[in-house]
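Let's take a walk through this structure together. Have the viewer open and turn things as you read.

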Amino acid sequence: MAHPTGGYAPHPHIGGRTAVLRALAAWRMEWPGAARVTVLTGAPGSGRSHLITGFLMLCDPEYRKRLPLDEMDPSTVPPDLAAPAVPAPAGRTAAQVLWLLADHFGLDATSTDEVYAELAALADPVTVVVPDVDRAGPVRAAGEPARLVREVLLPLAATGTVRLLAEMARPHAAELAASLPPGTVRIIDLDAPEWADPEGLVRHAQAALNPEAGAPELPFTADEAARLALGSAIGRRAGTSPLVVQLAVNCALMAPEAFDPADESLLPSSVGEALDLHARRLGADPRTLRLMLAPLALAEAEGIPVPLWPRLASAVAGRDLREAIAGGMLLAGPFVTPEEGADGADPVLRLLHPAIGDEIRGGLPNLRAAQTQIAMALLEAVPEQDWSKADRYVRDHIAGHTLEAGLLPQLLTDPGLFVHADPVSLRAAIEAVPPEALGAPARTYLRTAPLLTRTQAPARLRAALLETAFVEDGLPEYADALDRLGLDLPWRTLWSAPVAGVSAVTVGVLPGPEGQDTPVAVLVVPVGTPAARPVGDPRAASGAAVLVRVLAAAGSSGVPEAGIDPGLIVRPTEDERAAAPLGLSRGADYLRVWDRASEEVVAALISDTPFTAADLSPDGVLVVATGRGAKALSIRRTGAALAS
């Protein structure tokens with residue numbers, strides 16, 4: 001039997017779209033006249049992601065072996081070349097996508113400008129495919145897709161050695177093309193007549209109704225003539241949307257007893273019609289279905305934990321929807337997908353496609369109010385207001401909901417949230433807030449966030465990083481609050497001195513009457529530093545000065561003791577240092593404090609600015625200096641941890 005695609009076998013994953021596959025193959029082959037940059041676009045649900053996934057199968061040397069290439073249209077099959085770089089943007093920031101590329105090509109760059117410069121200097125062109133641009137970013141409301149287009153894809157497209165294929169929404173595609181010289185970009189809009197595939201949609205519907213493909217045995221699926229007729233009707237009504245085809249089939253199979261295959265007017269022509277027709281077919285209010293799905297449309301990450309779903313839906317609706325949800329899977333089923341929770345967590349429910357979320361969000365009377373209700377419900381779901389006991393979704397994604405509700409700055413005063421929330425998501429949400437709207441604790445968190453994400457530190461180590469950062473920024477009350485969280489922090493930051501140019505630090509004691517010695521730290525600083533005492537010949541070019549600080553208990557002001565004569569300070573002897581219970585070792589970008597008896601590391605310090613000096617007192621007070629200044633930490637011998 002002849003294949004419906006001109007005698008050739010269709011792509012087994014795509015099933016059609018021959019014109020688009022030919023254009024993509026020409027791009028891959030660098031066919032004369034083919035644009036160096038190609039962008040796939042179309043309405044949500046037009047099949048962009050599905051198509052680019054199928055094309056990537058043809059570009060992967062290993063996957064090609066599973067495809068019937070000899071039976072397919074040769075003009076749709078690109079040559080067997082090395083696989084392109086495919087940095088997946090889903091859930092990632094624009095910067096993360098760029099560094100995925102840098103790692104893929106083995107670049108030595110240390111800045112974004114260097115990445116593009118090294119790509120431009122390559123002897124041979126490189127091929128990059130970026131799917132799912134609209135799924136970029138860990139926080140939906142932070143606008144990461146637009147940032148990815150402007151900060152990464154546009155510079156890549158402007159680099160002559162890069163052949164780029166990307167899939168994105170129409171506004172982003174238009175912006176990219178308008179920012180580059182004419183002829184650089186070819187836009188393929190899957191809904192345009194030259195690229196649409198109405199016959200393919202009909203075949204898609206007919207195949208999805210076939211019991212041989214997994215559909216249940218029903219009168220309109222088992223009978224071939226009825227199945228083909230219904231598939232043709234679904235395809236006609238769906239216009240250019242594969243998603244509408246899928247939803248029409250899902251709804252028919254989910255509730256066949258309420259489905260009349262002979263009434264074509266009851267088949268959807270849009271996502272919104274699919275929702276409303278299915279609800280009415282089951283005797284339900286379409287608004288109830290939309291309210292049930294609203295939390296999923298407003299969800300962050302990959303969906304909502306099933307136990308949270310009724311609570312959040314009721315919050316948005318302003319009435320109790322628990323009963324409707326408990327018996328509502330026939331109603332909601334065609335539009336959702338259940339998934340196993342990660343690492344033993346509760347199962348998650350997400351929408352079948354982001355376009356369903358677009359439709360539901362667009363129908364909400366007040367999006368900000370809906371997010372406010374969800375945020376309040378999430379806060380109420382925190383047991384005893386203890387973030388360590390909160391559901392993972394609540395603590396990691398409440399910032400995304402409050403961002404869209406316009407309430408995030410009010411949330412950013414809770415040290416417990418700073419410690420227990422996923423730092424990638426929380427950082428992305430905070431960065432989306434205008435800086436002038438952030439309070440001091442949020443600014444400290446944002447300053448520290450790169451260390452939190454770089455080290456992938458668990459909660460106890462995040463608390464350690466933040467404790468010392470709050471002291472550095474003059475927020476000791478927040479440092480104290482972190483110490484009260486019960487995380488057994490491995491140190492307390494005694495004080496921090498924002499002094500520039502500290503080149504050396506030394507610990508010692510100032511002898512006092514009747515053995516009342518005062519532990520101190522001596523900081524070597526440039527001449528002219530306020531409150532510093534010159535040492536040596538002040539006229540010499542290498543002249544220096546010192547600040548003496550008392551190693552006071554946490555909470556002390558640590559004011560420099562200008563009246564102390566540095567010559568009276570007694571430094572520890574080498575024997576005293578060797579006999580101390582803790583030792584200090586230093587690398588290029590880290591410091592380690594270790595227990596001499598067990599040889600275990602009890603604290604490992606990192607910094608976003610290089611260490612310039614460090615010393616450890618025999619009784620376990622560590623004094624360190626960086627480009628930001630100096631600070632003293634009293635080490636608690638409780639286990640390894642990180643500080644900045």
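What follows goes from the whole chain to a buried helix, then to a pair of packed helices, a pocket and a few odd backbone angles.

Keep in mind that this is a predicted model. The chain has 644 residues, and 51% of them count as buried. Its secondary structure comes to 25 helices and 19 strands. Measure out a box along the principal axes of the C-alpha trace and you get about 105 × 65 × 45 Å. How much of the contact between residues at least 6 apart in sequence joins residues at least 24 apart? The share is 63%.

Now head for the start of the chain and pick out helix α1, residues 18-28. Eight of its eleven residues are buried, so the rest of the structure largely encloses this helix. The buried ones are Val20, Leu21, Ala23, Leu24, Ala25, Ala26, Trp27 and Arg28; yes, an arginine is on that list. What lies over them? The cover includes the strands β1 (37-41), β2, β3 (162-167) and β4 (185-189), along with helix α2 (48-59). Just after α1 comes glutamate 30, with a positive phi near 55°.

One of those covering strands, β2, is worth a stop. It runs over residues 126-130 and holds valine 129. Is valine 129 buried or exposed? Its relative accessible area is 0%, so it counts as buried. Setting aside neighbours within four places in sequence, valine 129 is in contact with Trp27, Ile52, Leu56, Pro84, Ala85, Val86, Pro87 and Leu165. Trp27 in that set is also among the buried residues of α1. For a sense of distance, try drawing a line from valine 129 to serine 585: they are 456 residues apart along the chain, and their C-alpha atoms are separated by 45 Å.

Next, the packed helices. Bring up α12 (residues 286-297) and α16 (residues 354-363), which pack at an angle of about 115° with their axes 9 Å apart. Their crossing is left-handed. On the α12 side the contact is made by Arg290, Leu293, Ala294 and Ala297, and on the α16 side by Gly357, Glu359, Ile360 and Arg361. Sort those by class and you find four nonpolar, one polar and three charged residues.

Arg290 has another partner to look at. Aspartate 276, in helix α11 (residues 271-281), touches Pro286 and Arg290 once residues up to four places away in sequence are left out. Aspartate 276 has 18% relative accessibility, and since buried means under 20%, it counts as buried.

On to the empty space. Rolling a probe the size of a water molecule over the atoms shows where such space is left. The second largest pocket holds about 810 Å³. It is lined by 31 residues, and the closest to its centre are Thr93, Ala95, Gln96, Arg427 and Thr453. Which helices each supply at least two residues of the lining? They are α3 (94-104), α4 (112-120), α5 (144-157), α18 (392-405), α21 (423-431) and α22 (440-455). By class, the lining divides into 15 nonpolar, six polar and ten charged residues.

While α18 is on screen, find histidine 397, which lies in that helix. With 13% relative accessibility, histidine 397 counts as buried. Beyond its neighbours within four places in sequence, it is in contact with Glu300, Ala301 and Ser425. Valine 245 is 152 residues from histidine 397 in sequence, and the two are 32 Å apart in space, C-alpha to C-alpha.

Last, some backbone angles. Most residues other than glycine have a negative phi. Glutamate 384 has a positive one, near 55°. You'll find glutamate 384 in the loop between α17 (367-380) and α18, and at 69% relative accessibility it counts as exposed. Alanine 531 also has a positive phi, near 70°. Its place is the loop between β10 (518-526) and β11 (533-535). Alanine 531 has 46% relative accessibility, so it counts as partly exposed.

Conventions
Residues numbered from 1 in each chain as written. Predicted model: local features only at pLDDT ≥ 70, side-chain atom pairs only at ≥ 80, totals over all residues. Heavy atoms only, no water. Axes fitted to C-alpha atoms, helices over the stretch in contact; angles between N-to-C directions. Helix = DSSP H or I, 4+ residues; strand = E, 2+ residues; numbered from the N terminus. Left-handed = near helix turned anticlockwise from the far one by under 90°. Contact = heavy atoms within 4.5 Å. Nonpolar A, V, L, I, M, F, W, Y, C, P; charged D, E, K, R; others polar. 1 Å grid on protein atoms, 1.4 Å probe; cavity = no way out; pocket = protein on both sides within 12 Å on 5 of 7 lines; lining within 4 Å. Points joined across faces, edges and corners; volume = space filled by probe spheres on them. Buried < 20%, exposed > 50% of the residue type's maximum accessible area, 1.4 Å probe, protein only.
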